[in-house]
Amino acid sequence: YHPLGQPGPRHRGPVWICKIPLGLRLPAMVVSYCFITWNLRHFMFPHRCRTIQNVELPIFTDTEVKGIWQMRLAKHEDPFRWGHIYAKMQEERIREAKKKR
C-alpha cells in the first residue's frame, strides 16, 4: 500500500482547479478575479458619486475630454489608431477658422 493511497476523508479544497490545464490556470484565476471584483463593485456602488445635494459628479467633463484629445493631437500620438478622430478635429478647426473670417 502506498501511504498516499490509503482510504480516508475526501480531500477538501478547490479540486476543480486541477481540471483546468496547467497553462491556463493563472490566466483563468486572474480573469475570474477581475470579473468577480468588477461585478461586486457595481453591485455595491451602482450609481456615480454624488454630492450632499444629491447632484451627480461627472467623472470626465467635456472640457477635460476635449483637452486630452487636443494634447494627443499636438503630440501626434498614435496616428494609426486615432487618425480618424484627428481628421475630424482638424476639419472642425478649419470650419471655425472660416467662420471667423
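The following exchange concerns helix 2, helix 3 and the largest pocket of a predicted model.

Colleague: How are the axes of helix 2 and helix 3 arranged: roughly parallel, roughly antiparallel, roughly perpendicular or oblique?

Modeller: Helix 2 covers residues 62–75 and helix 3 covers residues 79–100. Their axes come within 11 Å and cross at roughly 100°. Angles of 65 to 115 degrees fall in one class, so helix 2 is, relative to helix 3, roughly perpendicular.

Colleague: Which class, nonpolar, polar or charged, has six residues in the contact of helix 2 with helix 3?

Modeller: Helix 2 contributes Lys-66, Trp-69, Gln-70, Arg-72 and Leu-73. From helix 3 come residues including Trp-82, Ile-85, Tyr-86 and Met-89. Two residues of the contact are polar and four are charged, while the class with six is nonpolar.

Colleague: How is the aromatic pair arranged: stacked, tilted or edge-to-face?

Modeller: A search of the whole structure gives one aromatic pair. Trp-69 and Trp-82 have ring centres 5.0 Å apart. Trp-69 belongs to helix 2 and Trp-82 to helix 3, so the pair ties together parts 13 residues apart in sequence. Because the ring planes stand at 80° and angles over 60 degrees set the class, the arrangement is edge-to-face.

Colleague: Which element gives the most to the lining of the largest pocket?

Modeller: The largest pocket holds about 200 Å³ of space, and its lining includes Val-65, Trp-69, Met-89 and Glu-96. By class, the lining has four nonpolar, one polar and four charged residues. Helix 2 and helix 3 are the elements that each give two or more residues. The most, five residues, come from helix 3.

Definitions and conventions:
Residues numbered from 1 in each chain as written. Predicted model: local features only at pLDDT ≥ 70, side-chain atom pairs only at ≥ 80, totals over all residues. Heavy atoms only, no water. Axes fitted to C-alpha atoms, helices over the stretch in contact; angles between N-to-C directions. Helix = DSSP H or I, 4+ residues; strand = E, 2+ residues; numbered from the N terminus. Parallel < 35°, antiparallel > 145°, perpendicular 65-115°, else oblique. Contact = heavy atoms within 4.5 Å. Nonpolar A, V, L, I, M, F, W, Y, C, P; charged D, E, K, R; others polar. 1 Å grid on protein atoms, 1.4 Å probe; cavity = no way out; pocket = protein on both sides within 12 Å on 5 of 7 lines; lining within 4 Å. Points joined across faces, edges and corners; volume = space filled by probe spheres on them. Phe/Tyr/Trp six-rings, centres within 6.5 Å; stacked < 30°, edge-to-face > 60°.
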